[in-house]
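Student: I would like a close look at one part of this protein. Please pick a single spot and walk me through its surroundings.

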Amino acid sequence: RTHVYLMLSRDGGEVRPLARWSLVVALAQTLSVVSDVTLPSLIPKLVPPAGVAWRGGLVNQDLESDDGPLMWAERYGAELHLLRHFANQYDNQIFPQPEVYEFVYNGGILWYNVNIGVTWAEMASGAQREIALKWGQAVATFKPYYILVVPFHEPEKYLDDPGCSAEDYHNLWNYLQGIFREQGADNAVWGLNFLGKPKKGQQDKMQAVWPGADKVDWIFYNFFNTPCSGTEDLTFVEMSGDIYDGFDRLTDEICEPIGTKCDFALKPYGIGAFGTASRTDKHCSTPTDPVPEPQRVQFFQDAKASMPSYPNLRAYVYFDTFDSVINGSTIGDLDNTLTTNSYKDFMQAAPFLAADAYLAEARLTMSTPAPTTSGASGVEAGTTTTTTTFPAAPAPRGGTASSSGVREELSTWLLAAMAAAAFAVLGPT
């Protein structure tokens with residue numbers, strides 16, 4: 001009897017036999033996702049193919065040269081697919097640094113988070129029009145690449161505060177989408193980032209702020225395993241699964257005040273920010289102990305093992321800062337080695353490896369299109385066109401089909417595809 005053997009991890013992973021026919025079927029399903037590949041940042045709605053999930057994270061807020069996406073990859077041994085960036089109100093944040101443009105040109109997805117410390121009503125009134133114009137201008141500079149734009153995250157937290165009614169939030173969305181159209185930023189893909197606690201009195205608030213399925217392309221939610229919010233004893237599955245299932249339940253409900261079905265499940269879901277507390281000195285109001293390291297290790301093991309159970313969860317963005325920082329092997333005098341290694345292992349989950357393979361194939365089969373607009377910083381306040389330039393699009397890191405690296409890239413793709421196929425048959429090891 002013939003068996004095919006696959007090594008399911010890089011370092012001493014268990015070798016398990018697969019029935020030949022089962023492997024062929026699973027591998028064929030995996031290979032089918034790349035029949036029409038394009039760079040992830042050129043996918044119109046940024047939704048990955050079936051069986052693929054984007055590996056996401058937050059790195060240094062200012063994206064200094066010593067702590068950008070490439071440093072993240074070096075630190076954790078995996079390529080970042082989705083980078084979360086907070087634009088806020090300052091030009092050095094509104095207009096990302098050159099390495100961010102390079103990241104997008106090479107297929108990376110930029111999460112462009114827009115939020116400033118004003119009420120929704122003030123934002124929607126046009127009182128902050130100069131900043132809104134700059135947001136739209138900045139996103140337009142990336143064309144033809146698509147940018148994930150996420151306005152005023154975690155709205156349930158602020159609903160019913162002064163100037164923050166459901167109607168105000170809907171008006172804010174309408175206003176910002178109008179501004180982006182005005183600036184030619186038709187490359188914006190719109191995400192709504194919920195706080196996401198449907199079982200804890202938040203369901204009505206989530207329904208109230210929902211601007212409509214015709215305005216939202218992605219739905220994200222956040223959660224943290226931390227004593228700062230009383231969730232230190234909850235597992236990854238208990239927190240993430242609760243929200244995911246809550247979204248599914250809400251999909252057939254009527255979202256007031258728009259008066260139509262919520263249709264959440266028609267959209268891809270993503271985890272916009274999640275973490276397990278390795279420290280508690282940033283967010284806790286009173287000093288307390290962090291989550292014990294064995295529990296932090298289990299957090300990432302559970303995250304990896306649960307991925308097949310949540311097929312509509314298409315992006316995982318770890319909040320690698322503040323109390324949930326991983327940042328290498330040590331944090332001050334705290335040894336974080338086991339947590340770091342568990343996180344690295346999670347970053348090698350099969351849906352992420354399938355994304356690596358997809359990205360490698362896209363880089364081999366297409367050239368990088370030139371951006372159609374210019375402008376990276378220094379746009380004059382209140383103007384409606386960009387006037388500055390940013391670096392020319394670099395060549396794709398994978399090179400062209402005639403480059404000497406083709407054989408290595410294809411080997412990486414085949415190994416990753418086979419790993420994803422094994423994952424589909426066997427589940428996590």
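Tutor: We will look at Arg314 and the barrel around its strand. Keep in mind that this is a predicted model.

Start with the whole chain. The protein chain has 13 helices and 14 strands. Of its 429 residues, 54% are buried. Now take contacts between residues at least 6 apart in sequence. Among these, 77% join residues at least 24 apart.

Next, the barrel. Eight strands close into it, in the order S3-S4-S5-S6-S7-S8-S11-S12, and the pairing is parallel. From one strand to the next, the twist averages 30°. In general, strands of a sheet pair through backbone hydrogen bonds, either parallel or antiparallel.

One pair shows the detail. Strand S3 covers residues 54-57, and strand S4 covers residues 82-86. S3 and S4 pair in the parallel sense over two bridges. Gly56 has Leu82 in S4 as its bridge partner.

Helices pack on this sheet. Helix H7, residues 166-182, touches strands S5, S6 and S7. The direction of H7 makes about 160° with that of S7. Helix H9, residues 236-250, lies across S7, S8, S11 and S12. H9 runs at about 155° to S8.

Now zoom in on S12. This strand spans residues 313-318, and Arg314 is found in it. Which side chain of opposite charge is nearest to Arg314? That is Asp248, and it is 12 Å away. Arg314 is buried yet has no salt bridge. A salt bridge would need the charged atoms within 4 Å.

What does the side chain of Arg314 reach instead? At 2.8 Å lies the backbone oxygen of Pro48. Pro48 also appears among the contacts of Arg314. Leave aside neighbours within four places in sequence. Arg314 then touches each residue from Val47 through Trp54: Val47, Pro48, Pro49, Ala50, Gly51, Val52, Ala53 and Trp54. Trp218, Pro268 and Tyr269 are in contact with Arg314 too. Several strands meet here. Trp54 belongs to the range of S3, Trp218 to that of S8, and Tyr269 to that of S11.

For a second buried residue, turn to Val297. Val297 lies in helix H10, residues 293-306. Why does Val297 count as buried? Its relative accessibility is 15%, and buried means under 20%. Not counting residues up to four places away in sequence, Val297 touches Leu338, Thr339 and Ser342. Asn341 is 44 residues from Val297 in sequence. In space, the two are 8.3 Å apart, C-alpha to C-alpha.

Methods. Residues are numbered from 1 along each chain as its sequence is written. This is a predicted model: local features need pLDDT of at least 70, side-chain atom pairs count only at pLDDT 80 or more; totals for chains, interfaces and linings use all residues. Side-chain values use heavy atoms; hydrogens and water are left out. Helices (H or I, at least four residues) and strands (E, at least two) are DSSP runs, numbered from the N terminus. Buried means under 20% relative accessible area, exposed over 50%, partly exposed in between (1.4 Å probe, protein chains only). Lys and Arg count as positive and Asp and Glu as negative; His and the chain ends are not counted. A polar contact is a pair of N or O atoms within 3.5 Å; within protein, one must be able to donate a hydrogen and the other to accept it, and residues adjacent in sequence count only if both atoms are side-chain atoms. Contact means heavy atoms within 4.5 Å. Two strands pair if DSSP finds at least two bridges between them. Axes are lines fitted to C-alpha atoms, for helices over the stretch in contact, and angles run from 0 to 180 degrees between N-to-C directions.
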